[in-house]
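Work through these short exercises with the model open. Each task is followed by a stepwise solution.

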Amino acid sequence: MSIHILLVEDEVDQRKIIQNILRSDNYQVTAVETAEQALEIIKEHPVDLIISDWQLPGMNGEMLLKEIIQLTPACGFILITAHSDASHAINLIRAGADDYLPKPFDKQALLFTVKKLIYTKSLENENQQLKQQSKHRSQLIDMIGRSTAMNRLFARIEKAAPTNATLLISGESGTGKELAARAIHQLSNRSNHIFLPVNCAAIPESLAEAELFGAEKGSFTGANKTRFGKFEAADNGTIFLDEIGELPLVLQSKLLRFLQEGTIIRVGSNQEIKLDVRVVAATNRNLLEEVEAGNFREDLYYRLNVIPVTIPPLRQRQEDVALLISHFLSYFCEQHHCDKKKLSGSALKMLLSYPWPGNVRQLRNSLERLVLLSFGEIITAEDIEELELTRKNNQRAFLLPEQGLQWEEHEKECLLQALSHCNNNRTQAAKLLGLGYKAFLYRLEKYKI
Ligand SMILES: Nc1ncnc2c1ncn2[C@@H]1O[C@H](COP(=O)(O)OP(=O)(O)OP(=O)(O)O)[C@@H](O)[C@H]1O
Ligand SMILES: [Mg+2]
């Protein structure tokens, strides 16, 4: 794309010469006689650079500069001045000119000044873009993670955020669903408006409709003034419907209506109110199972799940554990104004091998406690033991290996091991597996043990 230069020069010969020099170097040039004409042009289409004489009939070059700074601050501006005294030039730069050319100047000086300015402008532009990108990143950076799964998640969030699409975020408790919802809001063009979290499980069923959609004055006892609901409060912003699986069925249909029509009706009214609210929902249940059990509307499920976002549990992204540990360790040392603590080798090993059933929330809380409760600079294995991260209490009794398993072989192995554990005492072996005696015998038979 060629650079577009606007030249403002009242002397005809001078104008022609400069124009020709610039064109010979492949710039696109529009030449005018006065500052007033230049302003007309600028208002119609943007230019990259203005070269203006200082002395012009009517509005002079310096006054034009002031207007341009208001109109298009990113546009480059070079002033041609008859004075070669330095103080005048300094004043022009102070007034906001990018550069100046004292008369008389030759072709080389003109082209060099123009090139230099275009180069600095392009650097400024690039810098601006980088800043924008890192602003995006730093908002996502609140979400720590470098596992493949998290990178995929970040990419999906970045892609989905600027759209208005409804999102359903699923994941176990503590995996960061709310954090992801906030990131989506921050990266959307709604970020200057409200992000309103609503916990669907915390609203009593009888009040839920008024709470979400508002209520007209007198619509029920105690409603002595018109009440705005959460949806109205979130107009232009994002509403985060947490634990959406808990939303009563009656309200599910009202939510569906909003998602389809973009309108709500307050309790006790029949007037539709049009709203612009983006819905992001979250669940730690398997909503499809809820659909099958008849607890969740299937049509609503599909309407919500336009863009599915799934946050994997921490035990499935081992690479992130170390990163999160080191992040929260520095974070809480800083928060609690203590010198940076370190984990001993064995302490770190213990934390790394723990399956974190409470996910990031549990890891975060554990590190805060470690920072607060440990003595000295090194966090030791004993400190970790104090946390009582016992597997018995917290871990699931059994973790299905990621690659799955052969059920029948597994079952047979359990039977054999139970028997050998109990010296072939069948009654005890059955108990050990939590099976009734008959059920146990049936299985022995099945596997011909
Ligand atoms: N990837 C992450 N990086 C940094 N902090 C995280 C990350 N994921 C979660 N957290 C932190 O862990 C805590 C729990 O996160 P959040 O509340 O978003 O989880 P959740 O999935 O909504 O949990 P629940 O289902 O219990 O509501 C928060 O303090 C959050 O800041
Ligand atoms: Mg949550």
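**Exercise 1.** Place E382 and classify its exposure, buried or exposed.

*Solution.* This is a predicted model. Start with the secondary structure: E382 lies in helix 16, which covers residues 381-386. Next, take its relative accessibility, 52%. The cut-off for exposed is over 50%. E382 therefore counts as exposed.

Now look at the charge around it. E382 belongs to a surface patch of negative charge. The other members of this patch are E385, E386 and E388.

**Exercise 2.** Do the same for W407: which helix holds W407, and is the residue buried or exposed?

*Solution.* W407 sits in helix 18, residues 407-421. Its relative accessible area is 53%. Exposed means over 50%, so W407 is exposed.

Then find its partners. W407 joins L400 and L405 in a nonpolar surface patch. Together the three have about 330 Å² of accessible area.

**Exercise 3.** Compare the radius of gyration of the protein with that of a compact globule of 449 residues.

*Solution.* Take the reference first: a compact globule of 449 residues would have a radius of gyration near 22 Å. The protein has 34 Å. Then check the dimensions. Along the principal axes, the C-alpha trace spans about 110 × 65 × 45 Å.

**Exercise 4.** Summarise the whole protein: how many helices and strands are there, and what percentage of residues count as buried?

*Solution.* Count the elements: 20 helices and 14 strands. Then apply the burial cut-off, under 20% relative accessible area. Of the 449 residues, 41% count as buried.

Technical notes. Residues are numbered from 1 along each chain as its sequence is written. Chains are lettered from A and ligands numbered from 1 in the order in which they are written. This is a predicted model: local features need pLDDT of at least 70, side-chain atom pairs count only at pLDDT 80 or more; totals for chains, interfaces and linings use all residues. Side-chain values use heavy atoms; hydrogens and water are left out. Patches are made of residues with over 30% relative accessible area and no salt bridge: like charges are joined within 9 Å, nonpolar side chains (Val, Leu, Ile, Met, Phe, Trp, Tyr) within 5 Å. Accessible areas come from the Shrake-Rupley method with a 1.4 Å probe; for residues, only the protein chains shown count as cover. A salt bridge is a side-chain nitrogen of Lys or Arg within 4 Å of a carboxyl oxygen of Asp or Glu. Lys and Arg count as positive and Asp and Glu as negative; His and the chain ends are not counted. The place of a charge is taken as NZ of Lys, CZ of Arg, CG of Asp or CD of Glu. Helices (H or I, at least four residues) and strands (E, at least two) are DSSP runs, numbered from the N terminus. Buried means under 20% relative accessible area, exposed over 50%, partly exposed in between (1.4 Å probe, protein chains only). The radius of gyration is taken over C-alpha atoms; the globule rule is 2.2 Å times the number of residues to the power 0.38.
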